[in-house]
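Colleague: I would like to go through this structure with you, one question at a time. Please show it to me before we start.

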Amino acid sequence: MPEVPASHSDRGLRRLAAGTLLVTFRGPAAPDWVLDGLSGGLGGVCLFGFNVEGPEQVATLTSSLTNAGDPVISLDEEGGDVTRLAYHVGSEYPGNAALGAVDDVDLTERVYRSIAGDLVKAGVNLDMAPSADVNTADDNPVIGTRSFGSDAALVSRHTVAAVRGLQSLGVAACVKHFPGHGATTEDSHLAIPVVDASLELLRERELAPFRAAIEAGTRSIMTAHVAVPALTGDTPATLSPRALTTLLRGELGYDGVVVTDALDMHAITKSVGLGGGAVLSLKAGADLLCMGSIPTQAETEAVIGAIVAAVRAGDLAVERLEEAVARAQRLRDWARETRGQHTEDTVIGLQAARRAVRISGATLPLRNPFVVEVDTPPTIAVGDVPWGVAPWLPEAEIVRVKPEEAHAADLLTRARGRSLVVVVKDAHRYPASRDLVTELVSARPDGVVMEMGLPIWRPDHGVHIATYGAARANARAAVELLTA
């Protein structure tokens, strides 16, 4: 590839490079460097929980961003465990696993339309959702309840419903994580997970929801930092031309915006570095580069410099940058033209959670309840979002314990003569949690176990409630069963 001639304006080239970035900043207001960057062509921003204080504050923040430029304003609002607008209180929507358990596509579309309404009011035009991953690995540390389920057909139909719900109000969906993160047992925030599937299986299972979403008109698709040996070798899909250009653009015929998963994840930074990841993902076929929650202003500037240098050296075609920026502009234009008004649907989240909750066994009226919440480490994708039953059981004594440190005998003594409720998340993934739950309900077979993750494991004793998620709506629906 020939070097770009010096006549190509440095300012124009820098503007193109900046136009591919979704940057991040800390705090409830945008700093000057972001506002100045947006006026200079910066592609947009990705908001996180640390940018959110409340609805009015977020609307003020996004208004300042749009006044400064023409940004893509994005965040991860999946409902359920992964929420940004409700990061400090928990989501009023039950999440994909619960929607998949109900398996009513009209309900899924209504939930995502309601989420879109929240995003419109917040000033967001791109939602990093839904997760279209077919969660076939029980021990998946990063997807789990974020998936509609383990069946490709079910995931496909609910992915389409989610896309329709979001995009009906002019919020672009970003179907993720291509070509599929559901068969992994490692977290790409920390390593490069491997999807060990043949191309035939990949097309039949992982790619089915993406194919359906493309046919439904999804405006964007997010890449996964996963290696698929049969497709990408040991290269993460985010950096693989075979994944993004040959497969996604060519075979699947997708011409919308391709967004990278966060480039600050270890799968990228510990292999090729932030700047290297930016250049390689653009070469592979990505259009918008999500920087993630960590990079600073200086690191963002360094990434822009790396992209410019790659073009100057002839390693990255300037036409590739122009194509990426043009696709992002089409997304912005579509969002403006499609943005609609939303009629309040304030109860749909709770209705969906109520339909999803499952109970095995007969409960007794609660008597001076003693609740043991078994602590579960938060994942990086979810963050430290509040969970548990406290908002809905104010009369209960609630203790949260680390399973490795808890003493079942002491807890049983405190629960004597009282209703015992044990709350856990993804017990199947944590041996110490299973051991503690088993010891408690073996001694108290009248106890209630509330699983707020995937109900893959359950003890031999006790009443069992499965919520398929740990959002506020899930917890409330479960407590209603106990207090009815």
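Modeller: Two rings of Phe, Tyr or Trp count as an aromatic pair if their centres lie within 6.5 Å. Bear in mind that this is a predicted model.

Colleague: How many aromatic pairs does the structure hold?

Modeller: With that cut-off on the distance between ring centres, the number of aromatic pairs in the structure is two.

Colleague: Is the pair of Phe48 and Phe50 stacked or edge-to-face?

Modeller: Planes under 30 degrees apart count as stacked, and over 60 as edge-to-face. The rings of Phe48 and Phe50 are 5.5 Å apart, centre to centre, with 25° between their planes. The pair is therefore classed, by the cut-off of 30 degrees, as stacked.

Colleague: Does Phe50 count as buried or partly exposed?

Modeller: Buried means under 20% relative accessible area, and exposed means over 50%. Phe48, at 12%, is buried. Phe50 has a relative accessibility of 26%, so Phe50 counts as partly exposed.

Colleague: Which residue lies over the face of Phe50?

Modeller: A charge sits over a ring when, for Arg, the CZ atom is within 6 Å of the ring centre and within 35 degrees of the ring normal. Over the face of Phe50, at 3.8 Å from the ring centre, lies Arg26.

Colleague: What is the angle between the planes of Phe178 and Phe210?

Modeller: These two residues form an aromatic pair with 5.3 Å from centre to centre. The pair is edge-to-face, and the angle between the planes is 90°.

Colleague: Where in the chain are Phe178 and Phe210, and how many residues apart?

Modeller: Phe178 is in strand 5 (residues 172–178), while Phe210 is in helix 8 (residues 207–215). The pair links distant parts of the chain, and the separation is 32 residues.

Colleague: Is Phe210 buried or exposed?

Modeller: Phe178, with 0% relative accessibility, counts as buried. Phe210 has a relative accessible area of 0%, so Phe210 is buried.

Colleague: Let us turn to the sheet. In what order do the six strands of the open sheet stand?

Modeller: Strands of a sheet can pair either parallel or antiparallel. In this open sheet of six strands the pairing is mixed. The twist averages 15° from one strand to the next. The order of the strands is 9-14-13-12-10-11.

Colleague: Which strands stand at the edges, each with a single partner strand?

Modeller: A strand with a single partner has one side without a neighbour in the sheet. This applies to strand 9 (358–360) and strand 11.

Colleague: Which residue in strand 12 is the bridge partner of Val371?

Modeller: Strand 10 runs parallel to strand 11 (residues 397–401), joined by five bridges, and Val372 has Val399 as its partner there. Strand 10 also pairs in the parallel sense with strand 12 (residues 420–424), over four bridges. In strand 12, the partner of Val371 is Val421.

Colleague: How many residues of strand 10 are buried?

Modeller: On one side of strand 10 (residues 370–374), Phe370, Val372 and Val374 are buried. On the other side, Val371 and Glu373 are buried. The count of buried residues in strand 10 is five of five.

Notes: Residues numbered from 1 in each chain as written. Predicted model: local features only at pLDDT ≥ 70, side-chain atom pairs only at ≥ 80, totals over all residues. Heavy atoms only, no water. Buried < 20%, exposed > 50% of the residue type's maximum accessible area, 1.4 Å probe, protein only. Helix = DSSP H or I, 4+ residues; strand = E, 2+ residues; numbered from the N terminus. Pairing = 2+ DSSP bridges. Phe/Tyr/Trp six-rings, centres within 6.5 Å; stacked < 30°, edge-to-face > 60°. Axes fitted to C-alpha atoms, helices over the stretch in contact; angles between N-to-C directions.
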